[in-house]
Amino acid sequence: MEKALELIGCFASGDSKLASSLLKENYIQHNLAYGTGRDAFVGSVEYLASAGVKTTVNNIRAYEDGDYVFLQTVYNFAGAGEQVAFDIFRFEDGLIAEHWDNLASIAEANPSGHTQIDGTTEITDLEKTEENRVLVKNFLYDVMQGNNLNKMPEYFDGDAYIQHNSAIADGVSGLTEALAALADAGIEMIYDETHMVLAQGNYVLAVSEGTYAGAATSYYDLWRVENGKIAEHWDVMETITPKDTWKNRNGKF
């Protein structure tokens, strides 16, 4: 975990030598706005260092799952504006070998007064990591992918559900109302496939692919599980850009 935090810190420090030492030479990049390989990452660190406006990095949450580290962080790249991000790093032989992410601009607090990043950060229930991973996998299949919507109440403790999506209020009722409003507006939020489910204790991050209002979309959802029920949710949605704009050919997922 510390190496992943050191790596993102290089955006602020401009320490390209440290960045290079943390990465495998054939580092695989899935952020479609950047080239792949160690040299490309180091080049982006050097570019930010020369920009004249300091980049800031504020890590909010950090978790480990085997060879993977997943982070929630607020970035401001060279004064371009604050963005909230989920980053996933895969390690190989002690070095960072692969990276995936989703980013979105910081928004105002949601109808319940929650921001995209506030809420508890304490990691608990390490012995329930696999149980919580399975719970979220099943929730994604049954509810988010729409296969068994009648099972939705089974995943929550009544209406208790803390929501950090900037457009949705707390509660299962808030989620239901938001989805109904989208449907009334002719907007479909579709989850087609889940590519990755990472977990540590009471926190589970899922990476899914689908469409939003017909546009190809990457969904990163972080859920906190409490007593076998989904209790809290943070997310970042990102539209997947057309292939002819990609800076690498590794794909978003």
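Visitor: Which element gives the most to the lining of the second largest pocket?

Guide: Helix 5 does, with 5 residues. Keep in mind that this is a predicted model.

Visitor: Where should I look for the centre of the second largest pocket, and how many residues line that pocket?

Guide: There are 17 lining residues, and those nearest the centre are Val143, Met144, Leu149, Leu179 and Met189. Two or more lining residues come from each of helix 4, helix 5 (171–184) and strand 7. The space in this pocket is about 440 Å³.

Visitor: How many of the residues in that lining are nonpolar, polar or charged?

Guide: The lining of the second largest pocket has 12 nonpolar residues, 4 polar and 1 charged.

Visitor: What volume does the largest pocket have?

Guide: Its volume is about 530 Å³. The largest pocket has 29 lining residues, and Asn31, Ala33, Tyr34, Asp101 and Leu103 are the closest to its centre. Among the elements giving two or more residues to this lining are helix 1 (2–13), strand 4 (82–92) and strand 5 (95–105). Helix 3 supplies the largest share, 5 residues. By class, the lining has 15 nonpolar, 10 polar and 4 charged residues.

Visitor: Now the sheets. In what order do the strands of the open sheet stand?

Guide: A sheet is read from one edge across to the other. Here 5 strands stand in the order 6-10-9-8-7, and their pairing is mixed.

Visitor: Why is one side of strand 6 and of strand 7 left without a neighbour in the sheet?

Guide: Strand 6 (162–163) and strand 7 (189–200) are at the edges and each has a single partner strand, so one side of each has no neighbour in the sheet.

Visitor: Which way do strand 9 and strand 10 run, and how many bridges join them?

Guide: Strand 9 (residues 215–226) and strand 10 (residues 229–239) run antiparallel, joined by 10 bridges. To follow one bridge, start at Asp221, whose partner in strand 10 is Asp235.

Visitor: Which helix lies across strand 7?

Guide: Helix 4 (residues 129–144) does, and it also lies across strand 8 (203–212), strand 9 and strand 10. Relative to strand 7, helix 4 runs at about 180°.

Visitor: How many residues lie between strand 2 and strand 3 in their hairpin?

Guide: A hairpin is read as two strands and the turn between them. In this one there are 2 residues between the strands, and Gly66 in the turn has a positive phi of about 60°. Strand 2 (residues 56–65) and strand 3 (residues 68–76) run antiparallel and are joined by 9 bridges. Opposite Ala62 stands Leu71 in strand 3.

Key
Residues numbered from 1 in each chain as written. Predicted model: local features only at pLDDT ≥ 70, side-chain atom pairs only at ≥ 80, totals over all residues. Heavy atoms only, no water. Pairing = 2+ DSSP bridges. Helix = DSSP H or I, 4+ residues; strand = E, 2+ residues; numbered from the N terminus. Contact = heavy atoms within 4.5 Å. Axes fitted to C-alpha atoms, helices over the stretch in contact; angles between N-to-C directions. 1 Å grid on protein atoms, 1.4 Å probe; cavity = no way out; pocket = protein on both sides within 12 Å on 5 of 7 lines; lining within 4 Å. Points joined across faces, edges and corners; volume = space filled by probe spheres on them. Nonpolar A, V, L, I, M, F, W, Y, C, P; charged D, E, K, R; others polar.
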